[in-house]
Amino acid sequence: MSLAVQLGVLGVYLVASLGIGLVAYRATDSDAEDYYLAGRTLGTGVLLFTTFATLLSAFTFFGGPNVAFSIGPEWLLVMGLMDGILFAVLWYVVGYKQWLVGKKHGYVTMGEMLGDRFGSQRLRGLVAGVGLLWLFPYVMLQQQGAGQAVVGLTDGAVPYWAGAALITAFMILYVTLAGLRGVAWTDTLQGVFMLGVLWVAVAWLATNVGGIGALTDQMVSTNPEFGALGGGAYSVQYILGTAITIAFGVAAFPQVNQRFFMAKRVETLKRSFALWPVLVVLLFVPAFLLGAWASGLGVTVPEGGNVIPVVLNEYTPAWFAALVVAGAMAAMMSSSDSMLLSGSSYFTRDIYRPFVAPDASEEREGKVARIGVAVFATATLVGALLTQGGGLGAIVALGDTAFGGYAQLTLPLLLALYWSGTTQAGMLAGIIVSQVVYLAHVGVLSVLGMEGVTVAGVTLLKASYLTWEYALWCMLLSLVVTVGVSLATSPAGSENPAKFGVGAD
């Protein structure tokens, strides 16, 4: 009976999400701008929650709480506070300028914008290629989380592959039908739902165990280092380095970066980034505290398993545990659906149209975009099934690596938006060199198995130089190379800095 209730709750939620997508389908036009950006008509509430929900992923519900369970609650400083503030600043600095130039010139993707500014199809294709490269493992991350969520909720009655396949099928269905409008409306539902169930989960657990004070005392009694700042695996360099890498990575994430183009008015952007830190704290505080508190409750988390379903199955009714896992599924869907849509736009707008079919009609581009969603989602599902054994440590490592990869794009992007002296050669060099060096580190560390922070039995790859992790040094490299090559080269004749509102030197 318990299993039927759990699956019933999940089924109702997924069908409700699909219903919203079908309603949005009736309001979506066939042109690319409406399919990818909802016609640039999003208001404050929907823009804020669709950005909020698309960033809340398998990591929020499973990777992050498992980090807190293993090495303490200070991860809140990284995600809940520092990145809430850092990304809000970047939302204004990058997002406002992108919104201005996007509205004026009709840009849909970052690659399209930079390619037009520098008159370079190579740059356009390079940015799209980098975006797709790091998007692939991050979509896999969501599908892994979905499969493991269902396994944990049903005590293995429903296998891993079924959970991952279920969420993938639903995403393909409503993303291909409804485009960004459907995704944004569904994200709003998912964001509100996630916030609600997490705070109710905290209240329910606290009531059953004797209050927040009792939960905290048990956590500190079991793990004394959890009660002090800087304890365990955390250090100032680790906290700051991770926060900076994640915030700058988020600014270049395809599904987030595209949302900078979507606001209806400038006031919408200003209100959204002002409210952003509040929403981030409201979500990450309960999610990570649940993981940290569980360390003092004596619960046993299976190897590669999820702490949240385990503790809720122990202390709350089956139907409520199912609701929270439905919230986790919402987090994964709200990230993956946007990633699939953005990945499709990067492929069709920046690779297919300029390099394969320059004369393709809007209708043909729309068909290719929808096929691309299905193909990309299926390919990442295969990857998620093949890497099943990695567990939660693999989820954290995948997300961490992708954030670092995207972070290498943000400083060159800022230079392009604000410095008229940036040249096409400087952009190409800065992006290529930093990506190659970063990828080389990822590959070498994977082979050597260098030590870092260990979570759920898996070591996070954290090489450091002068105590700061390599992703930050690669970001600095992207800045130095972009500036240095730009100063040493002349602008190409096709470049047009005036398009970004900066005059030529």
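Colleague: Does Leu476 count as buried, partly exposed or exposed?
Modeller: This is a predicted model, and in it Leu476 is found in helix H18. Buried requires under 20% relative accessible area, and exposed requires over 50%. Leu476 has 41% relative accessibility, so it counts as partly exposed.

Colleague: Which helix gives the most to the nonpolar surface patch that includes Leu476?
Modeller: The patch covers about 510 Å² and is made by Tyr465, Leu466, Trp473, Leu476 and Val480. Three residues of the patch come from one helix, spanning residues 470–488. That helix is H18.

Colleague: Is Gly131 buried or exposed?
Modeller: Gly131 has its place in helix H7, residues 121–153. The relative accessible area of Gly131 is 1%, and the limit for buried is under 20%. Therefore Gly131 is buried.

Colleague: Which residues does Gly131 touch, not counting those up to four places away in sequence?
Modeller: Distance in sequence does not settle distance in space here: Gly131 and Ala252 are 121 residues apart in sequence and 8.3 Å apart in space, C-alpha to C-alpha. A touch needs heavy atoms within 4.5 Å. With that cut-off, the residues touched by Gly131 are Pro254, Tyr346 and Tyr406.

Colleague: Which helix gives the most to the largest nonpolar core?
Modeller: The core has 144 residues, and Phe87 and Trp276 are among those with the most contacts inside it. One helix, residues 160–209, gives 19 residues to this core, the most of any. That helix is H8.

Notes. Residues are numbered from 1 along each chain as its sequence is written. This is a predicted model: local features need pLDDT of at least 70, side-chain atom pairs count only at pLDDT 80 or more; totals for chains, interfaces and linings use all residues. Side-chain values use heavy atoms; hydrogens and water are left out. Helices (H or I, at least four residues) and strands (E, at least two) are DSSP runs, numbered from the N terminus. Buried means under 20% relative accessible area, exposed over 50%, partly exposed in between (1.4 Å probe, protein chains only). Patches are made of residues with over 30% relative accessible area and no salt bridge: like charges are joined within 9 Å, nonpolar side chains (Val, Leu, Ile, Met, Phe, Trp, Tyr) within 5 Å. Accessible areas come from the Shrake-Rupley method with a 1.4 Å probe; for residues, only the protein chains shown count as cover. A salt bridge is a side-chain nitrogen of Lys or Arg within 4 Å of a carboxyl oxygen of Asp or Glu. A nonpolar core is a set of buried Ala, Val, Leu, Ile, Met, Phe, Trp, Tyr and Cys residues joined through side-chain atoms within 4.5 Å.
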